[in-house]
Amino acid sequence: MSTIRLVTGNGGCRNLHLEQLDVKTAFFHGDLEEDLYMIQPEGFIVQGQENLVCKLRKSLYGLKQAPRQWYKKFDNFMHRIGFKRCEVDHCCYVKFFDNSYMILLLYVDDMLIVGSDIEEINNLKKQLSKQFTMKDLGATKQILGMRIIRDKANSTFASQKIVTLSTTEAEYVAATEVGKEMIWLHGFLDELGKKQEMGILHSDSQSAIFLAKKSAFHSKSKHIQTKYHFSRYLVEDKLVILEKICGSKNPVDMLTKGVTIEKLKLCATSIGLLA
């Protein structure tokens with residue numbers, strides 16, 4: 001879902017074409033690599049041969065191999081037509097042209113194509129339709145429960161799924177979660193040919209910053225799960241820069257606190273919202 005949000009957001013900002021397709025009975029397209037048998041289905045049992053079983057010639061819904069075989073078939077096809085699979089998301093494929101690129105995202109049987117050249121997009125649709133049974137849904141308006149609005153900025157914020165015992169711990173855990181997302185985002189954009197500088201992670205908690213930068217033992221933080229100390233690794237290896245942001249300049253405050261009109265205008269402007 002993070003990939004879809006990023007690609008659709010980038011497409012909206014750059015005014016790229018967003019086209020959607022659906023694969024009909026996707027799992028039927030998978031090729032079986034082993035001998036599989038099933039009992040004769042109810043209503044189709046041959047009299048006198050009730051003890052015989054059916055050998056499957058094609059993949060069926062309900063087979064544990066079906067999703068994997070469909071993906072392998074699709075992955076091989078995309079490589080044959082010149083697309084490269086992204087390492088950070090194996091359901092994201094990219095193809096570069098002289099002055100542009102095209103992205104295809106696969107989510108089971110839903111496809112999203114993003115690019116600047118509508119002719120190249122239509123050519124890809126034709127190639128897909130020759131190989132698979134497709135339904136062209138045209139310009140993307142909604143995908144996987146997300147409504148696409150081209151002229152507005154929409155953001156989704158996820159709440160932490162753990163209980164913390166202090167404000168410092170909550171800020172420390174949040175910094176780790178955001179840091180993980182930054183590393184993934186950096187790698188994904190790098191694969192798209194968009195080199196990024198080292199990201200800056202802002203926190204308004206000086207104690208959380210101290211905890212991330214100093215790996216010394218603290219009795220009040222010894223209960224924090226090891227995985228949340230990942231932020232220390234990010235800071236030590238200089239993968240992110242962790243900096244303090246003063247409360248008067250923190251745009252997130254408008255989502256979590258009551259703020260003045262002046263502060264609200266400042267926060268809205270800092271994230272690109274129009275009054």
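**Figure 1. Overview of the predicted model, with 8 helices and 12 strands making up the secondary structure of the protein.** Welcome to the whole chain before we zoom in; please keep in mind that this is a predicted model. The protein has 275 residues, and 36% of them count as buried. Take the contacts between residues at least 6 apart in sequence: 62% of these join residues at least 24 apart.

**Figure 2. Close-up of the crossing between helix α2 (residues 66-80) and helix α3 (residues 118-131).** Here the two helix axes come within 12 Å and cross at roughly 135°. That angle makes α2 oblique to α3. As for its hand, the crossing of α2 and α3 is right-handed.

**Figure 3. Side chains and backbone where α2 meets α3.** Which residues of α2 and α3 meet? From α2 come K73, F74, F77, M78 and R80, and their partners in α3 are Q127, L128 and Q131. Sorted by class, this contact of α2 with α3 holds 4 nonpolar, 2 polar and 2 charged residues.

**Figure 4. The buried residues of helix α5 (residues 206-213).** Look here for A208, I209, L211 and A212, which are buried in α5. Viewed down the axis of α5, the buried residues fall within an arc of 160°, so they line one face of the helix.

**Figure 5. The surroundings of the buried residues of α5.** What do these residues pack against? Two helices, α4 (167-191) and α6 (230-236), take part, together with the strands β11 (199-203) and β12 (240-244).

Technical notes:
Residues are numbered from 1 along each chain as its sequence is written. This is a predicted model: local features need pLDDT of at least 70, side-chain atom pairs count only at pLDDT 80 or more; totals for chains, interfaces and linings use all residues. Side-chain values use heavy atoms; hydrogens and water are left out. Axes are lines fitted to C-alpha atoms, for helices over the stretch in contact, and angles run from 0 to 180 degrees between N-to-C directions. Helices (H or I, at least four residues) and strands (E, at least two) are DSSP runs, numbered from the N terminus. Angles under 35 degrees count as roughly parallel, over 145 as roughly antiparallel, 65 to 115 as roughly perpendicular and the rest as oblique. A crossing is left-handed if the near helix is turned anticlockwise from the far one by less than a right angle, and right-handed if clockwise. Contact means heavy atoms within 4.5 Å. Ala, Val, Leu, Ile, Met, Phe, Trp, Tyr, Cys and Pro count as nonpolar, Asp, Glu, Lys and Arg as charged, and the others, Gly among them, as polar. Buried means under 20% relative accessible area, exposed over 50%, partly exposed in between (1.4 Å probe, protein chains only). The arc is that of the directions from the helix axis to the C-beta atoms.
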